[in-house]
Amino acid sequence: MSTETVLYIILAGVVALLLALFQYKYKAKGASTSNALFAFLRFITLFSVLLLLINPKFEQVKYDIVKPNLVVAVDNSSSIKHLKQDVKAQEFVNSISNNAELNNKFNIELFSFGNTLNSNDSLSFNQNQTNLDKVFKQLSQVYKNSTAPTIVVSDGNQTIGSDYQFSAKKYNQPIYPIILGDTVVYSDLQISKLNVNKYAYLKNKFPVEAIVIYNGDQAISSKFVVTKGNTTVFSKVITLDKSKNSEVLNFNLSANSVGVQDYKAQVIPLSTEKNKTNNYKNFAVEVIDQKSKVAIVSTVLHPDLGALKKSVESNEQREVVFLNPNKILNQLNDFQLVILYQPNNSFKSLFAELEKQNKNKWVISGPKTDWLFLNEIQTDYNLEATTQTEDYQPNLNTNYSAFIIEDLDFNNFPPLKSTFGEADFNLPSETILYKTVSGIQTKQPLLTTLEINGRREAILFGEDLWKWRAQSYLNEDSFLKFDNFIGKLVQYLASNKRKNRLNIDYNSFYNGSDNIIISAQFFNKNYEFDDNTSLSIVVKNNQSLETTTRPLILKENNYQVNLNGLASGSYSFTVKSSSENISVSGNFKIIEYNVEQQFLNADVTKLQQVATNSNGNAFFINNYKALANDLLNDKRYQPIQKSNKSVVPLIDWYYLLFIIVLSLALEWFIRKYKGLI
């Protein structure tokens, strides 16, 4: 409180006292006991009111003792149960949670992880993937500015994600791995990798690559076999020993029938092997009759062209060919879709031929686009031709109805550069992405689609699409989501199927360790997305005839259901609406494969390296009690005293109002009682 405020308070006290004495001593002409009481009450009232007018501010300092966090992240994947370590892991969690000394020194935070990190201590050991890389990345966000030594209870075997050694180095906390699993090395023969394309073409051969690894000291001989049903389609004898402990097999298989074809690759196990699950792998290939061809026509060089080719060809059913506007004219019928990149006057003959054949196309414009030509050559839309450019960021239209779109965090994507101006459409159109200018969302289209007379067209108002693909990789550590977005747009444009009110999105087959997610969108009669409907899916196992019914849950701009837990096999399904008689059916296969059962030992070396790099320490599960002593005796983990200073104005102190009311009430009642009023 400042000196000036203190002087004001003293002055208020003097003024209040003088006014009270003036009324009950000077004017009352006496000094009775009652007058003295009235003077006191009036002084309290006046002084309190003056204090409120002055409104002095008081500083309050609160001291808190903040204990360091102790993070316990437990591997909840099925590999822990496969290695028979689930009981020991649960015992460790109970021991840490109930340790009084650790609870007195730390705030213990329990997490479990498989493919994702979850804040709970409920362990089922049934997760079908392990992603330790994601664990360290997410924990680094949560405990960025605090002391949080981290216990990781795991076998160290990661099945998805980047190498966790690198993300652990960026996690600025000591890490204490509790190693689960057998460290004894047994003789083991396994198929380490099996690489095969997702698609093959009818009457062609498709390549398969298998890597067989042997752990052991003795020379062995075995046989690698690939079967389709009861038929052997490939076999080879392999001989391995301690010095030559791996062999790469490359061979071709024939694609003789259309559809999903199942295969089983197996290396005959040794009689002494402990884990025979990793001796075989099931795989599948979808055989298709023909390949879709997409032409990208351009007269300029730009990184967008390479990004588009990679995104479109990420689906092996599609092939991209680069052509100039003149060379494509004689082979236009070979392509299901033509992408016109920044067209100019040299595209005149091509536009005329596309219009004549009523061909689907995708126009991508930018600063190099000749809008005078483009406005003249077609009448579907036009843009005021200017020499100015503008940067536009995307904003997703969640009501887009032509196909299912996942939000890739478009709002935070880099801007596209385009010609400044507003676009006018002369035909009905649907916008996928709106323009955002300087943080202000507009209703001007950035990416939109048209559909008329059986022809489909898209127009993108901006170049630098390659930056979006790069940003998607930074966000997800993968190009997959962006490539899927481009793939769905290309699939829509390359097709002439009529629009449906119920659309579904799924794969023709899934590996047993994949997330089996089926998405759907439902639209009302005006083709506006309906987020109030109730959708359900009926899944039927085609072998056992067992059916399962599950609801689809609304997530952002679509409905989803997760079918994890289904046994391997062939399934048919129907998605239907409860409010209207609308349904869509499909088929998929689940290929038997459990990546979590491929491991025989814990990855001790990697876990110990993570502990060393982070200034932590690694412990085996049978010696975990030593960990508690290390944590209790480590001087780095001390409670911190934090002070919280706050300035509180007197006007917020409601007791003062109560004092004013009380003093006035007492004065009034006493004067009334004595008959003075």
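This is a conversation between a student and a tutor about a predicted model.

Student: Let's start with the aromatic rings. How many aromatic pairs does the structure hold?

Tutor: The structure holds 29 aromatic pairs. One of them joins Y381 and F425, with ring centres 5.8 Å apart and planes at 45°.

Student: Why is the pair of Y381 and F425 called tilted?

Tutor: Start with the general idea: two numbers describe such a pair, the distance of the centres and the angle of the planes. Rings pair if their centres lie within 6.5 Å, and planes that are neither under 30 degrees nor over 60 degrees apart count as tilted. The centres of Y381 and F425 are 5.8 Å apart and their planes stand at 45°, so the pair is tilted.

Student: What makes this a link between distant parts of the chain?

Tutor: Y381 belongs to strand β19 (residues 381-383) and F425 to strand β22 (residues 423-425), with their positions 44 residues apart in the chain.

Student: Are Y381 and F425 buried or partly exposed?

Tutor: Buried means under 20% relative accessible area, and exposed means over 50%. Y381 has 1%, so Y381 is buried. F425 has 22%, so F425 is partly exposed.

Student: And why is the pair of Y571 and F588 called stacked?

Tutor: Planes under 30 degrees apart count as stacked. Here the planes are at 15° and the centres 5.5 Å apart, so Y571 and F588 are stacked. Y571 sits in strand β33 (residues 569-577) and F588 in strand β34 (residues 583-591), so the pair ties together parts 17 residues apart in sequence. Both Y571 and F588 are buried.

Student: Which residues form one aromatic cluster?

Tutor: That cluster is formed by F410, F413, W468, F482 and F485.

Student: Now a sheet. What makes β7 and β12 edge strands?

Tutor: The sheet is open, with 3 antiparallel strands in the order β7-β9-β12. β7 (188-196) and β12 (246-254) each have a single partner strand, so one side of each is left without a neighbour in the sheet. From one strand to the next, the twist averages 25°.

Student: How do you know that β9 and β12 pair?

Tutor: Two strands pair if there are at least two bridges between them. β9 and β12 have 9 bridges, in the antiparallel sense. I211 stands opposite V248 in β12.

Student: What is noteworthy about the phi of K203?

Tutor: Here is the background: most residues other than glycine have a negative phi. K203 is not a glycine, yet its phi is positive, about 70°. K203 lies in the loop between β8 (199-201) and β9 (205-215). L545 is not a glycine either, and has a positive phi of about 65°. The place of L545 is the loop between β29 (535-541) and β30 (547-551).

Student: Why do K203 and L545 count as exposed?

Tutor: The cut-off for exposed is over 50%. K203 has 65% relative accessibility, so K203 counts as exposed. L545 has 55%, so L545 counts as exposed too.

Student: Which residues make the nonpolar surface patch?

Tutor: W653, Y654, Y655, F658, I659, L662 and L666 make this patch of about 740 Å².

Student: How do you know that Y655 can belong to a patch?

Tutor: A patch residue needs over 30% relative accessible area. Y655, in helix α15 (residues 654-673), has 43% and is partly exposed.

Note on methods. Residues are numbered from 1 along each chain as its sequence is written. This is a predicted model: local features need pLDDT of at least 70, side-chain atom pairs count only at pLDDT 80 or more; totals for chains, interfaces and linings use all residues. Side-chain values use heavy atoms; hydrogens and water are left out. Patches are made of residues with over 30% relative accessible area and no salt bridge: like charges are joined within 9 Å, nonpolar side chains (Val, Leu, Ile, Met, Phe, Trp, Tyr) within 5 Å. Accessible areas come from the Shrake-Rupley method with a 1.4 Å probe; for residues, only the protein chains shown count as cover. A salt bridge is a side-chain nitrogen of Lys or Arg within 4 Å of a carboxyl oxygen of Asp or Glu. Helices (H or I, at least four residues) and strands (E, at least two) are DSSP runs, numbered from the N terminus. Buried means under 20% relative accessible area, exposed over 50%, partly exposed in between (1.4 Å probe, protein chains only). Axes are lines fitted to C-alpha atoms, for helices over the stretch in contact, and angles run from 0 to 180 degrees between N-to-C directions. Rings of Phe, Tyr and Trp (its six-membered ring) pair if their centres lie within 6.5 Å; planes under 30 degrees apart count as stacked, over 60 as edge-to-face and the rest as tilted.
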